[in-house]
Amino acid sequence: MNHAIIMMIDTHIHADARSSEDFDEMFISGIDKAITCSFYPYDLINEIVLLNHWERILNYDTQRAKKYGLELKVALGIHPSNIIKNYEGILNNLYEYISEDKIVAIGEIGLDSLTSEEIAIFKKQLVIADETKTKVIIHTPRNNKLNVLKKIKSIVLETMNPKLAVIDHINSAVIGEIIDDNFTMGLTVQPEKMEVDEAISILEMYGFENFLLNSDISNMPSDPLSVPKTIRTLEKQGIKREKIAKISFKNAEKFFKI
Ligand SMILES: [Zn+2]
């Protein structure tokens, strides 16, 4: 067996919600890079609060993580739980970040309860992604997952180049809905959502080609080491190194150009 250390990228985290100790542990456990996504966990009084959240991620959390060796790449966008009334102005900030190469994706965005406001904001961001050829990280919810996924899929296919999108938090129950559409899919290994074994069984069944791995660590129950645990379990099971490298970092490197 080849024991050379394999690189790891956690493709979806919320660094602003986590401690320096987590960054330290993640790096020591083999995670080289992570993509930290926008999500504000409390009511937004106005768009300035969201803008401040974005600036904090860009300028503060990236630096906090760097001290521990962890390289953070940033995704910014309006999460469906962060719906605000006056969002047009803040979308101009998003354009600026994209043109200044400050972010690697728009995200996380998506749909939760399928309100018309949610759908309008989601579509606007997909249009920006398509126009600027920027990647998008699309969240799918815990509740009503299949129905929301169907809606997301149809909106993405009619609004943008689907090659730019990763549909995240996919599990065995809903994967059948999108597996034939050649989407990049995110597997979130997280307490209460998906165990290491379920992620591995999906990879074994559908191949390692179109998947990205992440922990989605946030304020909710999370495991900062779920990516290394999954990778090391694959190694322990004797899965071929080329396959493991794809899910560990190569797919993410290629997709996000990081
Ligand atoms: Zn998330």
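The exercises below, each with a worked solution, concern a predicted model of a protein.

**Exercise 1. Overall build**

Find how many helices and strands the protein has, and decide whether its radius of gyration agrees with that of a compact globule.

Solution. Start with the elements: there are eight helices and eight strands. Next, take the chain length, which is 258 residues; a compact globule of that length would have a radius of gyration near 18 Å. The protein has 17 Å, which agrees. The C-alpha trace spans about 55 × 40 × 30 Å along the principal axes. Of the 258 residues, 42% count as buried. Finally, look at the contacts with a separation of 6 or more: residues 24 or more positions apart account for 75% of them.

**Exercise 2. The sheet**

Give the order of the strands in the sheet, and explain why β1 and β8 each have one side without a neighbour.

Solution. The order in this open sheet of eight strands is β1-β2-β3-β4-β5-β6-β7-β8, and the pairing is parallel. β1 (8-13) and β8 (211-214) stand at the edges; each has a single partner strand, so one side of each is left without a neighbour in the sheet. From one strand to the next, the twist averages 30°. For a detail at one edge, take β7, residues 184-188, which pairs with β8 in the parallel sense over four bridges. Within this region, Thr-188 stands opposite Asn-214 of β8.

**Exercise 3. A residue in an edge strand**

Determine whether Leu-213 is buried or exposed, and list what Leu-213 is in contact with beyond its neighbours within four places in sequence.

Solution. First, place the residue: Leu-213 belongs to strand β8. Then count: 28 C-beta neighbours lie inside 10 Å, and the cut-off for a buried residue is 20 or more, so Leu-213 counts as buried. Leaving aside neighbours within four places in sequence, its contacts are Thr-11, Leu-187, Val-189, Val-227, Thr-230 and Ile-247. Two of these names, Val-227 and Thr-230, appear again among the buried residues of helix α7.

**Exercise 4. Helix α7 and its cover**

Name the buried residues of α7 and the elements that cover them, then describe how α6 and α7 pack.

Solution. Helix α7 covers residues 226-236, and its buried residues are Ser-226, Val-227, Pro-228, Thr-230, Ile-231 and Leu-234. Their cover includes β1, β2 (31-37), α6 (196-206), β8 and α8 (241-256). Now take α6 from that cover: α6 and α7 pack at an angle of about 60°, with axes 10 Å apart. That makes α6 oblique to α7. The crossing of the two helices is right-handed. On the α6 side Val-196, Ala-199 and Ile-200 take part, and they meet Lys-229, Thr-230, Thr-233 and Leu-234 of α7. Just after α7, Gly-238 has a positive phi of about 80°.

**Exercise 5. Helices α3 and α4**

Work out whether α3 and α4 are roughly parallel or roughly antiparallel, and say which residues make the contact.

Solution. The angle between α3 (residues 88-99) and α4 is about 25°, and their axes are 11 Å apart. Angles under 35 degrees count as roughly parallel, so α3 and α4 are roughly parallel to each other. Leu-91, Leu-94, Tyr-95 and Ile-98 of α3 make the contact with Lys-124, Ile-128 and Thr-132 of α4. The crossing of this pair is right-handed. Helix α4, residues 116-132, also lies across β4 (105-110) and β5 (135-139), and runs at about 160° to β4.

**Exercise 6. Backbone exceptions**

Where is the cis peptide bond, and what are the phi values and burial states of Leu-114 and His-169?

Solution. Begin with the background: most residues other than glycine have a negative phi, and most peptide bonds are trans. The cis peptide bond joins Gly-107 and Glu-108, with omega about -10°. Glu-108 is in strand β4. Leu-114 lies in the loop between β4 and α4, and its phi is near 60°, a positive value. With 15 C-beta neighbours inside 10 Å, Leu-114 counts as partly exposed. His-169 is in the loop between β6 (165-167) and β7, and its phi is also near 60°. With 24 other C-beta atoms within 10 Å, His-169 is buried.

Definitions and conventions:
Residues numbered from 1 in each chain as written. Predicted model: local features only at pLDDT ≥ 70, side-chain atom pairs only at ≥ 80, totals over all residues. Rg over C-alpha atoms; globule rule 2.2 N^0.38 Å. Buried ≥ 20, exposed ≤ 12 C-beta atoms within 10 Å, placed from the backbone. Contact = placed C-beta atoms within 7 Å. Pairing = 2+ DSSP bridges. Axes fitted to C-alpha atoms, helices over the stretch in contact; angles between N-to-C directions. Parallel < 35°, antiparallel > 145°, perpendicular 65-115°, else oblique. Left-handed = near helix turned anticlockwise from the far one by under 90°.
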